[in-house]
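Colleague: I've got this one open and would like to learn how to read it piece by piece. Can you walk me through it?

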Amino acid sequence: MPKLRRRSLTKAATLLICALLAGVVVAGAAFPAVAMSGLAAKAGADSFQDLPTELTVPQVPEASQVFAADNKTLMATFYDENRQDVPLAEISPAMRDAMIAAEDHAFYRHNGVDVKGFMRALISNFTGNSRQGASTLTMQLVRMSITYGATDPNDVVAASEDTNVRKVREMRQAAALENKLTKDQILERYLNMAPFGHGTYGVAAASRFYFGKEPKNLTVPEAAMIAGLVKSPSYYDALDSAGPGHDRTVDRRDWVIGQMKEIGAITEQEKAAALATPLKVKGQRPANGCTSSVHNDWGFFCDSFYRWWMDQEAFGRTSYDRERRLKGGGYRIVTTLDPAVQKAAYANVQQYLPTGRKDALMVAAVEPGTGRVRALATNRTFGLDDPAKPKNPVSSNPKQADAGMRATYPRTTNPLLTGGGDVAGYQAGSTFKMFTMVAALEQGYPLSHTYNAPQRYPSKYSAERGTDSACAGTERWCPGNDNESMAGMHDMWSAFGRSVNTYFVPLEERVGAAKVVDAAQRMGIRFRQPGEAAVANDPAQADGWGSFTLGVSATTPLDLANSYATLAADGKHCEPIPVQEVKDRAGKALDIASPRCDQAVDPGVARAAIDAARCPVGDQSAYGRCRGATEADAYRVVDHPVAGKTGTTDSERTASLVTMTTTLSVAGIMANPDWPETTTNMDHDIVNPAVYETLADAMKGKPKKDFPKPDEKLVYGDQKSVPSVTCRSVDDATAALRDAGFTVEVDPNRVASNCPDGTVAGTDPDGRTVSGGVVVLRVSNGQSSANGPGRGGPGGGQTSTEGGTSGGVPGGRRG
């Protein structure tokens, strides 16, 4: 038989079989209740009935949107496919009509299969004319559903094969799908699933990308253009203004407009107006991830949110599962970032240390009682430096510079404010004295606990012989104060207010350093350096960490702000959390964003600690006991009851400040993230105003609320009268005071007094003091004093001094 004749017969046979099968499809799809007869029909029916009908329209990947705390300002989107599902009611009628006009005129009349269209395409395809699809919207939805639901790559290929067998399978499943869903449900799913080019999927993403508007606001020409893209999103490219893509898209749009007139969706006048409208597209792709967040200064907060999400087992067993959920789950996430507080923090950071400087100024704000992170700002741009054309200079760290490493400014994605990865944090100096005070209060030491602090204190802790930290000729650590005026008798108010090192080191000795470290952990300090974590979690080692009270451990602005927020919340510690609401694509709120809190410190202890913490920042304690401040301007500028603490490390390698009200805690650290051992001095005149002015801006217009007054027992303890020992010998006076239950110290400096030389001129304190407290004997020099027996004291006034030398971490670095 001639080859051409065999080919013709084969073609004819195939056409006959398909025609018979098509008849069955018509009967099964359009008239399912009609009984078929005849051998050919029966044979076709058996084959058709064997085809699968079950089809699950999968949940296609949908972008997750992340908003600020105001629930309306978009921070960022996360997606693998740029898609946000919208209900049909939020899609303009023009868009619905345009899609039907472009793809399926008979959509609302057929039962999933356009019989006439199928027969016309079948005959055209087998008679050698151009191939025609005749796929209805329902059949196209079936094809896309199979593709998205496939777990085997071969299934994806089979779903897109241009064969009649595939079409017959689609018909079978389309007919079944039409029995499960309404026409509007099918159209809604189709409009949300279809691809529209340039990585956009669904009409919502397409509408925002091409026209910068919501799909409910699409006009006829806009809708017609989007609908026309479905046929071939890469061939019809409206953004290709320099090539043929733009003109092709206009031609296709105009054809769709004509089809809309043909199906009666628009009038002749509306058609003419639509055709006369020039095609103008934006091509504005939404931000994807934190490096392209809507507001660049929100990038560091966005990153903290992303890291938080990736830690939550509720979103999947593995990090891969969690990321897929974020980028394809269609979540609507409301974060805790307060745009007003963030704006204030960033503005103040830029005012005092603009982006582009090697030193980092980092400010974090946390809400007491919830742990909600309200702001994270620094003088860095969140983003990756271009390795081909780097803008970051060579690192200021000599070792890194020798290795050719670049600095972290002006661009970085390192979590500078929150820690993680290679970022362990920065030394926060005397802000850590707070943890010693809390531990002491928990052990029964009241705020009025007095101690005669010397200029340098020979502690029980060890230091390397011959170093500045060691007492001369010994291996004992000898911390000192910033200046000699700080020496003298102090209670916790004055010692905290003036940041007296030689008060807090002996206090730590008496309480036990391990208890101080434990208080810090309970309040929110996380130890990210392996060596420090090992010491912190081993009480035996922690008890030797004498320099801990002076802030030699690494921390972050976020942890520092949160630890002080614990006190403002009456001792309730809350895990720092960047989200306050997470809803899935169905709008159901997930139980994942609630504050995670525990009672870390007794409320009474927290109130007492805050009472002393009002002193360093220029406020006054509820008992009027503040004498001295290291940052008195804070209270004046904030103009609310305020508490906090400054912090400085050895050689001023870092500078810190924490300030807080009852509703917001703000902490700032100035450091060099690339070189912690920098030889550059950090400046409190930079970090301090950046912190307290951020708090002031955040508190504007809000009611003033005072801190609760602490109980007198935690303030004064068990008070006893100090026996009068004036003009008695030192030995007699010492015996009398010890018999009364006091600890006695003798001031080596003589004072003017009417008492004989060498006898006791007076005591400090006199009158009443805490039971078991220290009473210092002032010894007379025998010279007359017009004011009678002298009493020493720490001196008053608002000074700006603190700090001194600090000892080392056991087995670790010096502070």
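Modeller: Sure. Keep in mind that this is a predicted model. Let's begin with a helix pair: α9 and α10 cross in the right-handed sense.

Colleague: At what angle do α9 and α10 pack, and how far apart are their axes?

Modeller: For a helix pair, look at the angle and the axis distance together. Here α9 (residues 202-211) and α10 (residues 220-229) pack at about 120°, and their axes are 11 Å apart.

Colleague: Which residues make the contact?

Modeller: On the α9 side, pick out A206, S207, Y210 and F211; α10 brings E222, M225, I226 and L229. Sorted by class, that contact of α9 with α10 has 6 nonpolar residues, 1 polar and 1 charged. As for the spacing, an α-helix has 3.6 residues a turn, so residues three or four places apart point the same way.

Colleague: Let's try a helix with several neighbours. Which residues of α20 are buried?

Modeller: Start with the buried positions, then ask what they touch. In α20 (residues 513-523) the buried ones are A513, A514, V516, V517, A519, A520 and M523. They pack against the helices α17 (433-442), α19 (501-511), α21 (530-536), α22 (539-542) and α23 (557-568), and against strand β12 (572-574).

Colleague: What follows α20?

Modeller: A glycine, G524, and its phi is positive, near 125°.

Colleague: Now sheets. In what order do the strands of the open sheet with β1 run?

Modeller: For a sheet, write down the strand order before anything else. This one has 4 strands in the order β2-β1-β3-β13, with mixed pairing. Its edge strands are β2 (74-78) and β13 (579-583), each of which pairs on one side only. From one strand to the next, the twist averages 15°.

Colleague: In what sense do β1 and β3 pair, parallel or antiparallel?

Modeller: Parallel: β1 (residues 64-67) and β3 (residues 332-335) are linked over 3 bridges. To find the register, take one bridge: Q65 has R332 of β3 as its partner.

Colleague: Which helix lies across those strands?

Modeller: That's α13 (residues 299-311), which lies across β1, β2, β3 and β13 and runs at about 45° to β2.

Colleague: I also see β16. How many of its residues are buried?

Modeller: With a strand, check each face separately. For β16 (residues 655-660), 6 of its 6 residues are buried. One side carries A655, L657 and T659, the other S656, V658 and M660, and both faces are covered.

Colleague: Which strands pair with β16?

Modeller: One is β15 (residues 643-648), antiparallel over 6 bridges, where T648 is matched with A655 of β16. Another is β17 (residues 665-671), again antiparallel and over 6 bridges, with L657 of β16 matched to G668.

Colleague: How many residues sit in the hairpin connections?

Modeller: Between β15 and β16 there are 6, and S651 in that turn has a positive phi of about 60°. The hairpin from β16 to β17 goes through 4 residues.

Colleague: One last residue: why does D764 count as buried?

Modeller: Burial is a matter of relative accessibility, with the cut-off at under 20%. D764 counts as buried because its value is 11%. This aspartate lies in strand β20 (residues 760-764), and its side chain makes a polar contact with the side chain of R778 at 3.0 Å.

Notes: Residues are numbered from 1 along each chain as its sequence is written. This is a predicted model: local features need pLDDT of at least 70, side-chain atom pairs count only at pLDDT 80 or more; totals for chains, interfaces and linings use all residues. Side-chain values use heavy atoms; hydrogens and water are left out. Helices (H or I, at least four residues) and strands (E, at least two) are DSSP runs, numbered from the N terminus. Buried means under 20% relative accessible area, exposed over 50%, partly exposed in between (1.4 Å probe, protein chains only). A polar contact is a pair of N or O atoms within 3.5 Å; within protein, one must be able to donate a hydrogen and the other to accept it, and residues adjacent in sequence count only if both atoms are side-chain atoms. Two strands pair if DSSP finds at least two bridges between them. Axes are lines fitted to C-alpha atoms, for helices over the stretch in contact, and angles run from 0 to 180 degrees between N-to-C directions. Contact means heavy atoms within 4.5 Å. A crossing is left-handed if the near helix is turned anticlockwise from the far one by less than a right angle, and right-handed if clockwise. Ala, Val, Leu, Ile, Met, Phe, Trp, Tyr, Cys and Pro count as nonpolar, Asp, Glu, Lys and Arg as charged, and the others, Gly among them, as polar.
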